[in-house]
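Ready to explore a protein model by working through some exercises? Try each task on your own, then walk through the solution.

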Amino acid sequence: MDRDTGRAEAPRSPPPSATSGATAFCGLAALVGALAWMRIGHPFDNTALAAVVVMACTAAGVFIPDLVAFRVQRRALLPRPVAQAPWDGPRILTKFAGLAASVGFVGLLYAVFPEYHADATFYREYWSVVGPGSLLWPAWLVVAVPYIAWVDRRMARPHDGLHATGRLVTLRWRGLEWRAVGQHLLGWLVKGYFLPLMFTYFCNDLRRLLAYDLAHLDTFGALYDFAYFGMYLLDVAFVSMTYVASLRAADTHIRSSEPTLLGWVVALACYQPFWSLVGRQYLQYEGGRAWGSWLGPLPWLYGAWGASILLLLVIYVWATVSFGARFSNLTHRGIITNGPYRYSKHPAYLAKNLSWWLISMPFMVDVSLAETARRCAALLLLNGIYYLRAKTEERHLSLDPLYVDYARWIERRGVLRFVDRVPLLRALARWKLDDRALRDRGPIAPEAYLAGEP
């Protein structure tokens, strides 16, 4: 019993994680090795092709230990075909129709919105990989049907969101589970939005890495700049892989997608092209001198300040890598309870927001008092957006009983449990969004209304 509260002691370990720390380490090692190969060997002149190869190496580093050592596929698939059932040809073809419709749905959005037009230079590497002339589509057609058939025969409940979407496009609407269709398409909307963005960032950073002059890393400032850039390179490279590696056969499929408009709004506001409007017109807080020039005359403080920022970025990237192949905004692809998530429910958000304050501190002394107050308010509002992101994610994930157990464990064992001693922080930590609509859904049950990817 806890002497202070009289409640039963929380377990010493959190609930099991969807992936292991060893998997995360292997994936990161494969990523770093592939980037070193690209830097040293320059095997490809095409940046997009080099990025795809790096993503493939990273995926191999994640999937090999997950599938071979930890057998994660046993969670999503039965070890053998259900009762040795024969192939269900009509159902398999219906699922293929659903997959084709899902791809067509994303392609239609690309065609409608000018942001994604094929002549846009920002996404040129992405279009070179997924455009009509790419070798991706013949390979996809060859693999898709056998893969769907193999997975379908090993699913406990094969009538999933993909099947429901196939029924929708083949006009068999009687008894159709519309919620499953909606969840499935939301999952594809997430991938269709985030994959081109992250892949483009990755290609830009990879191009910069290949041209980076490493001969001048002889000062702390130069090392800091390279490490800062390198952290975000690792992040977007790993994330680009995870949006592609959504597979039920590897238990990395989407369980559910964020079901509320608020959750989507606060997440998308933090990414382009929406951030250009939000950041420039409403939350512009940056300005003044860089922190390096501000602290340059004090080498010891300069080094400590820069090291603190880099440490926060290490935590941020550690949080991303800890997902293995399961990272994704706005979706539930498995509950992660190890790595930095053993200490906090939102280590990435905490680290990123704290790093922004350290990077932007010079404006505190470089502008007028009124301008300082305005910029502080803008940064606080940005912190508030991330706070809403955290709360909407918690509300969504709380449909999974495993996450509820994890959240209770963090409240008792997390490093930030001290907030309960500060009235304002306690109120913020315990503030919850109205979740009546989600309560009507009840807890997530396997295959109940999940996105149902193949």
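**Exercise 1.** Leaving aside its neighbours within four places in sequence, find which residues Leu35 is in contact with.

*Solution.* This is a predicted model, so keep that in mind as you click around. Start at Leu35 and skip anything within four places in sequence; what's left is Val54, Phe202, Leu206, Leu209, Leu233 and Leu234. Next, zoom out: Leu35 belongs to the largest nonpolar core, which has 96 residues. Leu35 is also on the list of residues with the most contacts inside that core, along with Tyr126, Phe194, Phe202, Met241 and Tyr243. Then ask which helix gives this core its largest share: that's α8 (residues 178-211), with 12 residues. Finally, look apart from this core and you'll find another one, of seven residues, including Tyr224, Trp291, Leu295 and Ile309. As background, nonpolar side chains in soluble globular proteins tend to be buried together.

**Exercise 2.** Work out whether Leu171 and Asp251 are buried or exposed, and look up the phi of Leu171 and of Asp251.

*Solution.* Take Leu171 to begin with, in the loop between α7 and α8. Its phi is near 65°, a positive value in a residue other than glycine. With 64% relative accessibility, Leu171 is over the 50% cut-off, so it counts as exposed. Now move to Asp251, in the loop between α9 (220-244) and β1 (256-257). Phi is positive for Asp251 too, near 60°. Here the relative accessibility is 2%, so Asp251 counts as buried. For context, most residues other than glycine have a negative phi, and most peptide bonds are trans.

**Exercise 3.** Find out which form the peptide bond from Gln272 to Pro273 takes, cis or trans.

*Solution.* Go to Pro273, in the loop between α10 (261-268) and α11 (274-281). Then check omega for the bond from Gln272 to Pro273: the value is near 0°, and the bond is cis.

**Exercise 4.** Look for the side chain of opposite charge nearest to Arg167, and see how far away it is.

*Solution.* Arg167 lies in helix α7, and it's buried. The nearest side chain of opposite charge is Glu177, at 8.6 Å. A salt bridge needs the charged atoms within 4 Å, and Arg167 has no salt bridge. So what does touch Arg167, leaving aside neighbours within four places in sequence? You'll find Thr94, Arg172, Trp173, Arg174, Gly175 and Leu176.

Another arginine to try is Arg153, in the loop between α6 (136-152) and α7 (161-169). At 18% relative accessibility, it falls under the 20% cut-off, so Arg153 counts as buried. Measure across to Ile92 in your viewer: the two are 61 residues apart in sequence and 9.3 Å apart in space, C-alpha to C-alpha.

**Exercise 5.** Which residues make a nonpolar surface patch of about 550 Å²?

*Solution.* Turn to the surface and pick out Trp318, Tyr343, Leu350, Leu354, Val415 and Leu416, which make the patch. Now look at Tyr343, in the loop between β2 (331-332) and α14 (347-360). Its relative accessible area is 39%, so Tyr343 is partly exposed.

**Exercise 6.** How many helices and strands does the protein have, and what share of its residues is buried?

*Solution.* Count the secondary structure: 19 helices and two strands. Then take the 454 residues, of which 49% are buried.

Note on methods:
Residues are numbered from 1 along each chain as its sequence is written. This is a predicted model: local features need pLDDT of at least 70, side-chain atom pairs count only at pLDDT 80 or more; totals for chains, interfaces and linings use all residues. Side-chain values use heavy atoms; hydrogens and water are left out. Patches are made of residues with over 30% relative accessible area and no salt bridge: like charges are joined within 9 Å, nonpolar side chains (Val, Leu, Ile, Met, Phe, Trp, Tyr) within 5 Å. Accessible areas come from the Shrake-Rupley method with a 1.4 Å probe; for residues, only the protein chains shown count as cover. Helices (H or I, at least four residues) and strands (E, at least two) are DSSP runs, numbered from the N terminus. Buried means under 20% relative accessible area, exposed over 50%, partly exposed in between (1.4 Å probe, protein chains only). A nonpolar core is a set of buried Ala, Val, Leu, Ile, Met, Phe, Trp, Tyr and Cys residues joined through side-chain atoms within 4.5 Å. Contact means heavy atoms within 4.5 Å. Lys and Arg count as positive and Asp and Glu as negative; His and the chain ends are not counted.
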